[in-house]
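Colleague: I would like a close look at one part of this model, the open sheet and what is attached to it. Please take it strand by strand and keep the wording plain.

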Amino acid sequence: MDRMRWYDAARDLFLGVACAGCEAPGRPLCRGCAGALPRGGRVCWPTPPPAGLVLPMAAADYDGVVKTLLNAHKERGVLALASPLGAVLATVVADLLLTVPAPSGQESAGHGGRVLLVPVPSRRRVVRARGHDPLLRISRVAATALRASGIRATVCPLLLGCGVVADQAGLTATDRATNLAGTMRCRALRARPAGARLVVVDDVVTTGATAREAQRALEQAGLSVAGIAAIAATRRRLGPGRGTCGTSLPQAGRSG
């Protein structure tokens, strides 16, 4: 056992720290699992897609180590996982910006244009119960990573939750859309983000209803949304023997 593995084992013994991906002792995420994380965005249209939804992209299916890390960060408060998850989200945003052309007369993200990451809002009671806002934390890491790559990204929490949202577990795509309709609003704007491209960011795209509601609230405030960027997307089954659909995620943008 090399010195690093001895160090990791000692940390696990005294601090109880283990990799969220494989349970190896010593770190919240071991080097092997970190190296296996996906990079880059792939198109992830839900089936059926909500009418009018802008292009959604994600790094991977909501499965395996990605699912494990997202849940560990969100539900168990393993805050150190925000760093690798934010790095993954940054690559999705970068590929989305490459895939969706900038509007005429607007600078592209790679040539000095501004990018605003707008997280899907978390309910206040949920944030209080968890003790942190997982998506906001991940989004800030993603913005930092994007700036390091030359993209002028800023997190802009423009959206607020409003109204009552029932538990969405087990709801159909249509029921989710109905459940979420009118449950988000845009904060009052002191000034329009002129020349900036807005990207709605989320952890997981499922039916697309949440992303579509976020898009609706921003558009109702007169803002244009370039696309949806998420870390993962669910694979929705059509039925026995009919395989999967919607989030098979064909590669788009750069490879990796």
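Modeller: What follows goes through the sheet, then the charged pairs, then a patch on the surface.

Keep in mind throughout that this is a predicted model. The sheet is open and has 6 strands, in the order E1-E2-E8-E7-E3-E4, with mixed pairing. Strands E1 and E4 (152-155) stand at the edges; each has a single partner strand, so one side of each lacks a neighbour in the sheet.

Start at the E1 edge. Strand E1 covers residues 42-43 and pairs with E2 in the antiparallel sense, over 2 bridges. Here Arg42 stands opposite Ala58, a residue of E2. On to the next pairing in the order: E2 is joined to strand E8 (residues 225-233) by 5 bridges, and these two strands run parallel. One position to look up is Pro56, whose bridge partner in E8 is Ile228.

Strand E2 deserves a pause. It spans residues 56-61, and 5 of its 6 residues are buried, so the rest of the structure largely encloses this strand. Met57 is a residue of E2. Its relative accessibility is 0%, and because buried means under 20%, Met57 counts as buried. In sequence, Met57 and Ala233 are 176 residues apart, yet their C-alpha atoms are 8.4 Å apart in space. Ala233 falls within the residue range of E8, 225-233.

Further along the order, strand E3 (residues 114-119) and E7 run parallel and are joined by 6 bridges. In this pairing, Leu117 has Val199 of E7 as its bridge partner.

E7 also takes part in a charged contact. In general, side chains of opposite charge can pair when their charged atoms come close. The model has 3 salt bridges in total. One of them is between the side chains of Lys74 and Asp203, with 2.6 Å from N to O. This pair ties together distant parts of the chain: Lys74 belongs to helix H3 (residues 64-75) and Asp203 to strand E7 (residues 196-205), with these positions 129 residues apart in numbering. Both Lys74 and Asp203 are buried.

Another salt bridge joins the side chains of Arg216 and Glu213, at 2.7 Å from N to O. These two are 3 residues apart in helix H8 (residues 209-220), which means they are separated by about one helical turn. Their surroundings are not alike in label: Arg216 is partly exposed, at 25% relative accessible area, whereas Glu213 is buried, at 5%.

There is also a salt bridge between Glu219 and Arg212, where the closest N and O atoms are 3.9 Å apart. That value is accepted because the cut-off is within 4 Å. Glu219 is partly exposed, with 36% relative accessible area, and Arg212 is partly exposed too, with 21%.

Last comes the surface patch. Arg124, Arg125, Arg128, Arg185 and Arg187 gather there as a patch of positive charge. Helix H5 (residues 124-130) supplies the largest share of this patch, 3 residues. Arg185, another member, lies in strand E6 (residues 184-186). At 44% relative accessibility, Arg185 counts as partly exposed.

Technical notes: Residues numbered from 1 in each chain as written. Predicted model: local features only at pLDDT ≥ 70, side-chain atom pairs only at ≥ 80, totals over all residues. Heavy atoms only, no water. Buried < 20%, exposed > 50% of the residue type's maximum accessible area, 1.4 Å probe, protein only. Helix = DSSP H or I, 4+ residues; strand = E, 2+ residues; numbered from the N terminus. Pairing = 2+ DSSP bridges. Patch = residues over 30% accessible without salt bridge, like charges linked within 9 Å, V, L, I, M, F, W, Y side chains within 5 Å. Areas by Shrake-Rupley, 256 points an atom, 1.4 Å probe, with all protein chains shown as cover. Lys, Arg positive; Asp, Glu negative; His and termini not counted. Charge placed at Lys NZ, Arg CZ, Asp CG, Glu CD.
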